[in-house]
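Visitor: Hello! I would like a close look at a single part of this protein, please, with the terms explained as we go.

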Amino acid sequence: MPKLQGFEFWSRTLRGARHVVAPMVDQSELAWRLLSRRHGAQLCYTPMLHAQVFVRDANYRKENLYCEVCPEDRPLIVQFCANDPEVFVQAALLAQDYCDAIDLNLGCPQMIAKRGHYGAFLQDEWDLLQRMILLAHEKLSVPVTCKIRVFPEIDKTVRYAQMLEKAGCQLLTVHGRTKEQKGPLSGAASWEHIKAVRKAVAIPVFANGNIQCLQDVERCLRDTGVQGVMSAEGNLHNPALFEGRSPAVWELAEEYLDIVREHPCPLSYVRAHLFKLWHHTLQVYQQLREELAKVKTLEGIAAVSQELKLRCQEEISRQEGAKPTGDLPFHWICQPYIRPGPREGSKERAGARSKRALEEEECGMEVLSKNKQKKQLRNPHKTFDPSLKPKYAKCDQCGNPKGNRCVFSLCRGCCKKRASKETADCPGHGLLFKTKLEKSLAWKEAQPELQEPQPAAPGTPGGFSEVMGSALA
């Protein structure tokens, strides 16, 4: 059967999906995908997988895809991050029998993507991306798709999308934010960029960004003309978003936990989902927030969720007859999370400042992030003042801290390479290449003296016949 492409692929294989759950690291696992599908999601993506690890590690393949095969979990798109055409295609070939398409992640803006040279940090390397998409399009039996972020300029974003389409991309998801828009600097996604891309390409386009409720989905479809709308954070806080409902949190929490019992996943995933679902309630019941963070079993998490449910029901019984104010007045209802932006006084300069710069400024004002507060609870003497951090002398080659007693003034990694190359010793790092070589040579020289001469086999020169002959003579 020939491989379907473009709109035919979207309408037949993806069944004309309009409501899409985004690929989310450690969050769009099978159990969550099944929950989302029960509540209106028509297409789901796996979490982003590392192509290189997927190729070399059978356990990684098993844990992240092969063991998660489920007839209810289709249509499904597997997403990879990669920066090498051959590796990307090798990983895709191993995954193509378990999904309906392979997606290349060109949208991850996180620091780990910058260090690993993938995601949104490939968006300026058009030649490389063309080769990756073209090779995948030629070799795979399923279509290849891409998820991208926009450039500040609409015309450059359009040319970027057209380049990917020409290389063989069959469906494009456009996140209407630049790679600099993340965390507290996220801001609003630009639907104008998405609309321009949709008009410029002849393949299906999904929109991503600014989706908090079903009304946002409908407005995005209408204003941009895209084929589908993808939700990430909105889906995590309300998996029933695509149904247009805002049910009580415990309804979806209990349903999710039941699915996890049938389709197990790491406890860290479950805990993260419960933190998102109960986010607003946990602001009220801080003690239960701490308990949820500490429990070590699935049943322990379920018990904390049950206690939150009881607290909410008690609060509801006390509030009977009270008139609600606002659209979603009660914290126990699934509702969007509005990410706070930078402080008012720094909005104008926010575009040029990093998340770390904001954290350091907050640190100077004795306002610590939640993660740092947890660390300080475990160690009250811990300080986050950069001026109090110990200063380390740097390795002459890589900049990492050097060994205090290293004979080369290098870190252990660089020292090992140099000592091996020069057959030298570094007692400071416990590297004894020269000493071991000398011992080995001395042992080899002593070997002939230790060996006793072996008698020759009968019938061979110097063997039994010659010995007997000489004796008779």
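Before we zoom in, how many helices and strands are there in the protein chain? And then, how do helix α13 and helix α15 pack?

Guide: Happy to help! This is a predicted model, in which local features need pLDDT of at least 70 and side-chain atom pairs count only at pLDDT 80 or more, while totals for chains, interfaces and linings use all residues. Residues are numbered from 1 along each chain as its sequence is written, and side-chain values use heavy atoms, leaving out hydrogens and water.

The protein chain has 21 helices and 11 strands. Both are DSSP runs numbered from the N terminus: helices are H or I with at least four residues, and strands are E with at least two. Of the 473 residues in the chain, 46% are buried. Buried means under 20% relative accessible area, exposed means over 50%, and partly exposed is in between, using a 1.4 Å probe and protein chains only.

Now for the close look. Two packed helices are described by the angle between their axes and the distance between the axes. Helix α13 covers residues 267-277 and helix α15 covers residues 286-294; they pack at an angle of about 165°, with axes 10 Å apart. That makes α13 roughly antiparallel to α15. Here the axes are lines fitted to C-alpha atoms, for helices over the stretch in contact, and angles run from 0 to 180 degrees between N-to-C directions. Angles under 35 degrees count as roughly parallel, over 145 as roughly antiparallel, 65 to 115 as roughly perpendicular, and the rest as oblique.

The crossing of α13 and α15 is left-handed, a word used if the near helix is turned anticlockwise from the far one by less than a right angle; clockwise would be right-handed. On the α13 side, the contact is made by Arg271, Leu274 and Phe275. On the α15 side, Arg289, Leu292, Ala293 and Lys294 take part. Contact means heavy atoms within 4.5 Å.

Which residues of α13 are buried? They are Tyr269, Val270, Arg271, His273, Leu274, Phe275 and Leu277. Besides α15, these buried residues pack against α2 (30-38), α11 (233-237), α12 (249-262), α14 (279-282) and α16 (298-318).

Finally, a word on the cysteines. Cys265 is buried, with a relative accessible area of 17%, and Cys169 is buried at 1%. A disulfide is a pair of cysteine sulfur atoms within 2.5 Å, and by this rule the count is zero. For Cys169, the closest cysteine sulfur is in Cys146, 3.8 Å away, so it is too far for a bond.
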